[in-house]
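The following report looks at how side chains and strands are arranged in a single model. Charged groups are taken up first, then aromatic rings, then the sheet and the nonpolar core.

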Amino acid sequence: QVQLVESGGGLVQAGGSLRLSCAPSGSIFRINSMGWYRQTPGNERELVASIDSLGSTNYAESVKGRFTISRDNAKNTVYLQMNGLKPEDTAVYYCHSNLRTTAWGTFNGYWGQGTQVTVSS
């Protein structure tokens, strides 16, 4: 059973930085896209940033120029470097990955358990 394990959330003052990490546990054959989403109470989960297998990235307008997504294919790990954090970035951040666990399997989407990021003003 594959699980995505996240780390790096926490409390930081406005203007500060945090780095989130996410990697799957269990046997993985191939990973396609990886990304980060966030959600606040009463709101839908929204895309923050994503990166495909070739390294092409996509960012929400609200984080462009402040956040950087990257991946280490050797470690099957995706990172989200968050600089210039604002109170409105406060949310639960979820890792998502589209992957397959065997050579004959299909690609399926997996979610992490979420990590809280709180930015104080």
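In this predicted model, a network of salt bridges links Arg38, Glu46, Arg66 and Asp89. As a general matter, side chains of opposite charge can pair when their charged atoms come close. A search of the whole structure finds four salt bridges, and the following table lists those that join the members of this network.

| Salt bridge | N to O distance |
|---|---|
| Glu46 and Arg38 | 2.8 Å |
| Asp89 and Arg38 | 3.0 Å |
| Arg66 and Asp89 | 2.7 Å |

Where do the partners Asp89 and Arg38 lie along the chain? Asp89 belongs to the loop between strand 8 and strand 9 (91-100), whereas Arg38 belongs to strand 4, so their salt bridge ties together parts that are 51 residues apart in sequence. Arg66, for its part, is found in the loop between strand 6 (57-59) and strand 7, so its pairing with Asp89, in the loop between strand 8 and strand 9, connects parts that are 23 residues apart in sequence.

Are Asp89 and Arg38 buried or exposed? Both Asp89 and Arg38 are buried: Asp89 has a relative accessibility of 0%, and Arg38 has a relative accessible area of 7%. Arg66 also counts as buried because its relative accessibility, 13%, falls under the 20% cut-off. Glu46, at 38% relative accessibility, counts as partly exposed, because its value lies between the limits of 20% and 50%.

**Aromatic rings and a charged end**

A pair of aromatic rings is described by the distance of the centres and the angle of the planes. The count of such pairs in this model comes to one. The rings concerned are those of Tyr37 and Trp111, whose centres are 5.0 Å apart and whose planes meet at 70°, so the pair is edge-to-face; the assignment follows because an angle over 60 degrees counts as edge-to-face. The pair links distant parts of the chain, with Tyr37 in strand 4 (residues 30-39) and Trp111 in strand 10 (residues 108-111), 74 residues apart. Tyr37 is partly exposed, its relative accessible area being 23%, and Trp111 is likewise partly exposed, with a value of 39%.

Trp111 also takes part in a further contact, in which the charged end of Arg45 sits over its ring, 4.6 Å from the ring centre. The charged end of Arg45 sits over the ring of Tyr94 as well, in that case 3.6 Å from the centre.

**The open sheet**

In what order do the four strands of the open sheet follow one another? Their order is 1-3-8-7, and the pairing is antiparallel. Strand 1 (3-7) and strand 7 (67-72) stand at the edges with a single partner strand each, so one side of each is left without a neighbour in the sheet. From one strand to the next, the twist averages 20°.

Within this sheet, strand 8 (residues 77-82) is joined to the antiparallel strand 3 (residues 18-25) by five bridges, and to strand 7, again antiparallel, by six. Leu80 of strand 8 is the bridge partner of Leu20 and also that of Ile69, while Val78, also in strand 8, stands opposite Cys22. The hairpin of strand 7 and strand 8 has four residues between the strands, and Asn76 takes a positive phi near 55° there.

**The nonpolar core**

In soluble globular proteins, nonpolar side chains tend to be buried together. The largest nonpolar core of this model has 29 residues, and those with the most contacts inside it are Trp36, Leu80, Met82 and Tyr93. Two or more residues are given to this core by each of strand 3, strand 4, strand 5 (46-51), strand 7, strand 8, strand 9 and strand 11 (115-120). Which element provides the largest share of this core? That share, four residues, comes from strand 9.

Strand 8 is mostly covered, with five of its six residues buried. Leu80 thus appears in two settings, as a bridge partner of Leu20 and of Ile69, and as one of the residues with the most contacts inside the largest nonpolar core.

Technical notes: Residues numbered from 1 in each chain as written. Predicted model: local features only at pLDDT ≥ 70, side-chain atom pairs only at ≥ 80, totals over all residues. Heavy atoms only, no water. Phe/Tyr/Trp six-rings, centres within 6.5 Å; stacked < 30°, edge-to-face > 60°. Buried < 20%, exposed > 50% of the residue type's maximum accessible area, 1.4 Å probe, protein only. Lys NZ or Arg CZ within 6 Å of the ring centre and 35° of its normal. Pairing = 2+ DSSP bridges. Axes fitted to C-alpha atoms, helices over the stretch in contact; angles between N-to-C directions. Salt bridge = Lys/Arg side-chain N within 4 Å of Asp/Glu carboxyl O. Core = buried A, V, L, I, M, F, W, Y, C linked by side-chain atoms within 4.5 Å.
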